[in-house]
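Good morning, colleagues. I should like to take you through one structure, beginning with a single residue and ending with the interior.

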Amino acid sequence: MTDQIRWGVLATGGIAARFARELGQVPGTELAAVGSRTASSAQAFAAEHGAARSHGSWEALAADPDVDIIYIATPHSHHHAAASLCLRAGKPLLVEKAFTLDLASTQDLVTMARERELFLMEAFWTRTLPSTLKIQELIADGAIGEVVAVQAAFGIGLDPEPSHRLRNPELGGGALLDLGVYPIGFAQLLLGEPDQVRAWAQLFPEGTDARTSISLGFPSGAVASLYCGINGDVRNATIVGTQGRIELPWGFHAAERFVLHRHGADPEEFETAPAGLHFEAAEATRCLRAGKLESDLVPLSSTLSVMRTMDAVRAQIGVTY
């Protein structure tokens with residue numbers, strides 16, 4: 001591995017473009033290559049984002065000896081195929097969320113990475129943001145006492161056509177994997193893995209969920225009330241403790257500010273650095289330099305735990321892929 005960490009990006013969609021733009025904010029990194037199933041798409045992406053090389057196949061990117069780590073940015077329906085190909089080629093990976101379509105395929109990738117002693121991390125950028133780290137610090141210091149409840153909702157206010165990816169079961173469509181991963185992941189970051197899962201949903205005619213409500217119960221006695229929806233536009237969260245609460249008024253998944261309410265005290269507002277994908281890229285880069293096989297901020301155990309919960313939700317709402 002060189003002093004400069006050389007990144008490859010697999011896929012050329014919107015999230016891949018955003019990652020490529022923000023990677024420049026991470027010192028000691030470069031966008032070395034991009035891979036796509038079509039050479040023209042890879043060439044256009046490389047030209048726009050300054051990648052040194054473009055590859056017209058996933059296999060060629062995975063085989064590139066001048067790439068140290070690959071960011072998987074396909075729709076999550078293709079994560080397992082793309083990631084397993086890259087792991088077999090010996091490449092460390094940052095894989096966009098939802099990590100895969102289900103727990104079994106997520107476990108398969110984790111097992112492959114561990115057997116090959118390769119770094120693997122879910123691109124759960126929320127867990128790497130300064131706001132999230134500050135909230136965890138405050139909670140650990142007892143700012144709101146014991147956390148007893150989490151409320152979180154993420155809806156994007158769209159009305160997609162039947163042909164849209166968000167409604168297509170072949171592409172892992174629906175609210176749960178695209179949006180529900182955020183409130184579930186946020187709740188489990190604070191409370192651990194639930195031992196009780198209840199879910200209700202309204203489905204699109206295609207069989208994917210338009211909106212889903214989730215209730216989680218935890219061994220500690222804490223509870224979480226969560227929502228995700230394609231149609232409704234909502235993105236707030238509240239963390240309730242025995243001695244206060246923390247409110248994230250908008251965009252909790254990418255928070256730059258939040259308000260701490262301690263019992264008997266005036267509210268305290270906190271502002272942190274602007275959110276961005278460069279924080280997850282920086283974490284993966286740091287881990288790679290340190291020779292780590294997984295991130296402390298986004299451990300593989302948390303990825304497996306969230307996927308286990310989402311499998312339980314899907315079983316109850318009747319969504320299959």
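Gly145 is partly exposed, because its relative accessible area of 21% falls between the 20% under which a residue counts as buried and the 50% over which one counts as exposed. Please keep in mind that this is a predicted model.

Where does Gly145 lie? Its place is the loop that runs between helix H6 (130–140) and strand S7 (147–156). Leaving aside residues up to four places away in sequence, Gly145 touches Thr242 and Gln243. From Tyr321, Gly145 is separated by 176 residues in sequence and by 41 Å in space, C-alpha to C-alpha.

Let me turn to the nonpolar interior. The largest nonpolar core has 112 residues, and those touching the most other members are Trp7, Ile239 and Leu248. H7 gives the most to this core, with 11 residues. Ile239 has contacts that include Ile135, Ile139, Ile144, Val147 and Phe186, again not counting residues up to four places away in sequence. Leu248 is also among the residues that Ile239 touches.

I come now to the largest pocket, whose volume is about 500 Å³. Its lining comprises 24 residues, and those nearest its centre are Ile15, Glu96, Lys97, Arg165 and Asp178. Two or more lining residues come from each of helix H1 (14–23), S7 and helix H7 (175–191).

Which element gives the most to this lining? It is H7, with five residues. By class, the lining of the pocket consists of 13 nonpolar, six polar and five charged residues.

Thank you for your attention.

Methods: Residues numbered from 1 in each chain as written. Predicted model: local features only at pLDDT ≥ 70, side-chain atom pairs only at ≥ 80, totals over all residues. Heavy atoms only, no water. Helix = DSSP H or I, 4+ residues; strand = E, 2+ residues; numbered from the N terminus. Buried < 20%, exposed > 50% of the residue type's maximum accessible area, 1.4 Å probe, protein only. Contact = heavy atoms within 4.5 Å. 1 Å grid on protein atoms, 1.4 Å probe; cavity = no way out; pocket = protein on both sides within 12 Å on 5 of 7 lines; lining within 4 Å. Points joined across faces, edges and corners; volume = space filled by probe spheres on them. Nonpolar A, V, L, I, M, F, W, Y, C, P; charged D, E, K, R; others polar. Core = buried A, V, L, I, M, F, W, Y, C linked by side-chain atoms within 4.5 Å.
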